[in-house]
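Subject: A structure for you to look at

Hello,

I am passing this structure on to you, and I hope you enjoy looking through it. Below is the model itself, followed by my notes on what turned up.

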Amino acid sequence: MQRQTASSVETMNPLAELTAAILAFRDQRNWAQFHSLRNLIVSLNLEAAELLELTQWQSDAEIAALPADAKTRDALSDECADVLIYLLLIADKAGIDIERAARTKLEKNARRYPVASSYGSSRKCPSGGD
């Protein structure tokens, strides 16, 4: 995304912009005091559990059909957003450039799981590691 300024064109990072909006929301409410790294990690897992709860006791076919129902899609959307918000807060708190970290991890996984030996296979890499 590009934003025109009076003096130049700045490249905007959408994740950085979103993180800034989340931090502003948090700070307007004085919630930073509750956002220790531990509390953020716990909260991320609680939100991920809420996402998982949407699929409890359902078959794969029922789960695949969830996005077709507007109410359920909204619930999925809300829980995905909650997970992303906490992930961005964790990354900010820990000083992690989450976009760079994801790209680096993708590169590691590409080396760990080359297409030639991993195509169509769900097996984990036997070497453990990353």
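Let me start with a question: is Leu-88 buried or exposed? Leu-88 has a relative accessible area of 3%, so it is buried. Please keep in mind throughout that this is a predicted model.

**The overall picture**

The protein chain has 130 residues, and 16% of them count as buried. Its secondary structure comes to six helices and two strands. If you follow the sequence from its start, the pattern is β-β-α-α-α-α-α-α. Among contacts between residues at least 6 apart in sequence, 51% join residues at least 24 apart. The chain exposes about 9,800 Å², and carbon and sulfur atoms supply 58% of that area.

**The core around Leu-88**

Back to Leu-88, which sits in helix H4. Leu-88 belongs to the largest nonpolar core, a group of seven residues that also holds Ile-22, Leu-23, Leu-40, Leu-44, Leu-89 and Ile-90. Three elements give two or more residues each to this core: H1, helix H2 (37-53) and helix H4 (70-94). H4 provides the largest share, with three residues. As background, nonpolar side chains in soluble globular proteins tend to be buried together.

Two members of the core are good places to zoom in. Setting aside neighbours within four places in sequence, Leu-88 is in contact with Leu-15, Leu-18, Thr-19, Ile-22 and Ile-98. One of these partners, Ile-22, is 66 residues from Leu-88 along the chain, yet their C-alpha atoms are separated by 8.4 Å. The other member to look at is Leu-40. Not counting residues up to four places away in sequence, Leu-40 touches His-35, Tyr-86, Leu-89, Ile-90 and Lys-93.

**A nonpolar patch on the surface**

Leu-18, one of the contacts of Leu-88, also appears on the outside of the model. Together with Leu-84 and Leu-87, Leu-18 makes a nonpolar surface patch of about 200 Å². Leu-18 lies in helix H1 (residues 14-28) and has a relative accessible area of 34%, so it counts as partly exposed.

**Salt bridges**

How many salt bridges are there? The count comes to two.

The first one I will describe joins Arg-26 and Asp-27, whose closest N and O atoms are 2.8 Å apart. Arg-26 is buried, at 15% relative accessibility, whereas Asp-27 is partly exposed, at 43%.

The other joins the side chains of Glu-99 and Arg-103, with an N to O distance of 3.0 Å. These two residues are four apart in helix H5 (residues 98-112), so about one helical turn separates them. Glu-99 is partly exposed at 27% relative accessibility, while Arg-103 is exposed, with a relative accessible area of 52%.

**One aromatic pair**

A search of the whole structure finds one aromatic pair. Phe-25 and Trp-31 form it: their ring centres are 5.7 Å apart and their planes meet at 70°, so the pair counts as edge-to-face. Phe-25 is partly exposed, with a relative accessible area of 40%. Trp-31 is partly exposed as well, at 37% relative accessibility.

**Two loop residues to check**

Which loop holds Asn-30? Asn-30 is found in the loop between H1 and H2. Its phi is positive, at about 60°, although Asn-30 is not a glycine.

Trp-57 also has a positive phi, near 65°, and is likewise a residue other than glycine. Trp-57 is found in the loop between H2 and helix H3 (60-64). With a relative accessibility of 78%, Trp-57 counts as exposed.

**Where to begin**

If you would like a route through the model, Leu-88 in helix H4 is a handy starting point. From there you can step across to Ile-22, with the C-alpha atoms 8.4 Å apart, and then to the patch that Leu-18 makes with Leu-84 and Leu-87. After that, the edge-to-face pair of Phe-25 and Trp-31 and the salt bridge between Glu-99 and Arg-103 make good further stops.

Happy exploring, and best wishes

Terms used
Residues are numbered from 1 along each chain as its sequence is written. This is a predicted model: local features need pLDDT of at least 70, side-chain atom pairs count only at pLDDT 80 or more; totals for chains, interfaces and linings use all residues. Side-chain values use heavy atoms; hydrogens and water are left out. A salt bridge is a side-chain nitrogen of Lys or Arg within 4 Å of a carboxyl oxygen of Asp or Glu. Buried means under 20% relative accessible area, exposed over 50%, partly exposed in between (1.4 Å probe, protein chains only). Patches are made of residues with over 30% relative accessible area and no salt bridge: like charges are joined within 9 Å, nonpolar side chains (Val, Leu, Ile, Met, Phe, Trp, Tyr) within 5 Å. Accessible areas come from the Shrake-Rupley method with a 1.4 Å probe; for residues, only the protein chains shown count as cover. A nonpolar core is a set of buried Ala, Val, Leu, Ile, Met, Phe, Trp, Tyr and Cys residues joined through side-chain atoms within 4.5 Å. Contact means heavy atoms within 4.5 Å. Rings of Phe, Tyr and Trp (its six-membered ring) pair if their centres lie within 6.5 Å; planes under 30 degrees apart count as stacked, over 60 as edge-to-face and the rest as tilted.
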